[in-house]
Amino acid sequence: MRADFTEMEMMTIACARRIGNEDIVFCGTGLPLLGAMMAKKTHAPNCVIFFETGALDPALDEIPLTVGDSRVMHGASQNGSLLDAFFYMQNSRTGPNVLGILSGAQIDPYGNLNSTVIGDYDKPDARLPGSGGACDVASLVGRTRIFMKHEKRRFVEQLDYMTSPGWLRGIGSRSEVGLPRGGPELVITTLGVLDFDESTRRMRLSSHYSYAEPDGIQESTGFKLDTSHSKEEENPTLEELEALREVVDPLRLILK
Amino acid sequence: MVTAKLMTSSEAISKFVCASSSISLGGFTVNRNPMALVHEIIRQEIGNLHVMMHSGSQALDLLIGAGLVRFLEIAYGANGRFASTCIRFRKAVQDGSLQVEDYSNFQMSLRFLAGAMGVPYLPTYAGLGSDIISKWGFSKKQRSTVESLPNEKLIVTSNPFNSIPEQLVIVPAANPDVTLLHVQQASAEGLIRIEGLAFADIEQARAAEHVIVTCEELVPSDQLRKESWHNSLPHLLVDAVVHHPYGAHPTACFLYYDYDAAHLNDYRSLAEDDESFEAYLTRHITSLESFHDYVKLIGTKHLGSLLASKELGYARREH
């Protein structure tokens, strides 16, 4: 087993470490799903993974490549519908316990996300897929976390389009517009983990990976970050790397 | 006359879909796209369509690429690892030939549910504070002139039951002229059985004026009525039934076959180029008589490699 690791592996493991046994994890596909699968196959076997298509707690013997993949259906506790999945995100029993993992092309200092267009909405430079269920998850569930490639062009002061609401304009603004709960807890990136100041809900650096310095992370961020409280995140252990490479993604479908 | 619903895809499409129809497509990303029916729309060159979708992928991308879609109301135009944004969708929006109205998946599902219930709207918290509410793709004028478009995109309103102010967003009902589905089993009478995830197929069918269904297996109604609690839609809602094995290819059909990863990967690169995309349409659709010829073109050997394990519902990947 190689002890060296890639940025993708580091951020996936940083995600997995922060998922607990009690979490009901809403996931898309790609790295966030690997993080959730890794948690489930190691320290959090009782966490529940579910998808917006209506598949709840599937066996995940193989990695699904979209949330409509038949691999999310096999061995599930329920195969329902889109409506079922969105109902679980907001009814009083399960909604507050759902941990949603999201991503986007752009993020702003308050964790709002854009996955719709780059440029002007009416004449976009680049058209992106759109919300899918991301806006719904960001609006409805108890807690969200965000996966981002840490690049200056992605961490911007002003989004081109706000697809998914984070803390909007800061403290208090979610309840002002009527969002009942939720908001982003963490942003897990290729360079470190960020959280949100409790008094302002503005993003700040919480930890940096061993290969990234807080100053360098500021350089890769298009807005001012408080980096003064950042701690170094532990490198992946051999056990973690083995679980990720050999158990979760042995065919390297996501980890290239 | 229970067999009156049984027809070819050519007959079903020419009977129920016409220029400027509003349609919705069943399935989700790589699963159960109504490919056979979409091929037939392309063969018959029925254009100026208004498509209402939650998460569209292969079937939608072909319709857009063939230049047949005028208005699109959608939540997501991508195909997971096979296309981070659907290629012809992306190009059409960027070059201004396709007008899009963005919603979220829950909002679109609720819109179909409202349509299915026969009510004009339903409320949710989803989207409050986002640009999905504030930015519109269709102007008020277009909305007032195109009958299938709602007059407003979304409206933020307050909870009339509560004395403390509480905001909600109301989504307009979606009632497509025709919903196109591909399912595992159907009978000539129009009984439908979907296995695995239903996605929003049921709401989309209930909201529509007409429903066309293609199926992997055509089975006797008696057989489906024997365990009717497993059925997904009653015969009353289904107008046409077409027997099309592999009717979702290159997307998957749970328990029958997996998605065709090689085909989808090839498509992603060829769709980038206008000429090779045209050549794809010609070779796979417009030069052929029917979807049965497409199945022959793909070939039984290749299709055999996609066959799903009945236990898993998909084809196990080779290590």
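Buried means under 20% relative accessible area, exposed over 50%, and partly exposed in between, with a 1.4 Å probe and protein chains only. The model is predicted: local features need pLDDT of at least 70, side-chain atom pairs count only at pLDDT 80 or more, and totals for chains, interfaces and linings use all residues. Residues are numbered from 1 along each chain as its sequence is written, chains are lettered from A and ligands numbered from 1 in the order in which they are written, and side-chain values use heavy atoms, with hydrogens and water left out.

**View 1. Arg201(A), a residue with positive phi.** Arg201(A) is partly exposed, with a relative accessible area of 21%. Its loop runs between strand 12 (192-196) and strand 13 (203-208) of chain A. Helices (H or I, at least four residues) and strands (E, at least two) are DSSP runs, numbered from the N terminus. Phi of Arg201(A) is near 65°, although the residue is not a glycine. Most residues other than glycine have a negative phi, and most peptide bonds are trans.

**View 2. Glu45(B), an exposed loop residue.** Glu45(B) sits in the loop between helix 2 (35-43) and strand 2 (49-52) of chain B. Its relative accessibility is 65%. Phi of Glu45(B) is positive, about 50°, in a residue that is not a glycine.

**View 3. A cis peptide bond before Pro250(B).** The bond from His249(B) to Pro250(B) has omega near 10°. Pro250(B) belongs to the loop between strand 13 (240-243) and helix 10 (261-270) of chain B.

**View 4. Helix 2 and helix 11 of chain B.** Helix 2 packs with helix 11 (residues 274-286) at an angle of about 110°, and their axes are 10 Å apart. Axes are lines fitted to C-alpha atoms, for helices over the stretch in contact, and angles run from 0 to 180 degrees between N-to-C directions. The two helices are therefore roughly perpendicular (65 to 115 degrees). Contact (heavy atoms within 4.5 Å) is made by His39(B), Ile42(B) and Arg43(B) of helix 2 and by His284(B), Ile285(B) and Thr286(B) of helix 11.

**View 5. Ser57(B), a buried loop residue.** Ser57(B) has a relative accessible area of 2%. It is found in the loop between strand 3 (55-56) and helix 3 (58-65) of chain B. Residues up to four places away in sequence aside, Ser57(B) touches Thr29(B), Val30(B), Asn33(B), Ala78(B), Asn79(B) and Cys86(B).

Notes:
Parallel < 35°, antiparallel > 145°, perpendicular 65-115°, else oblique.
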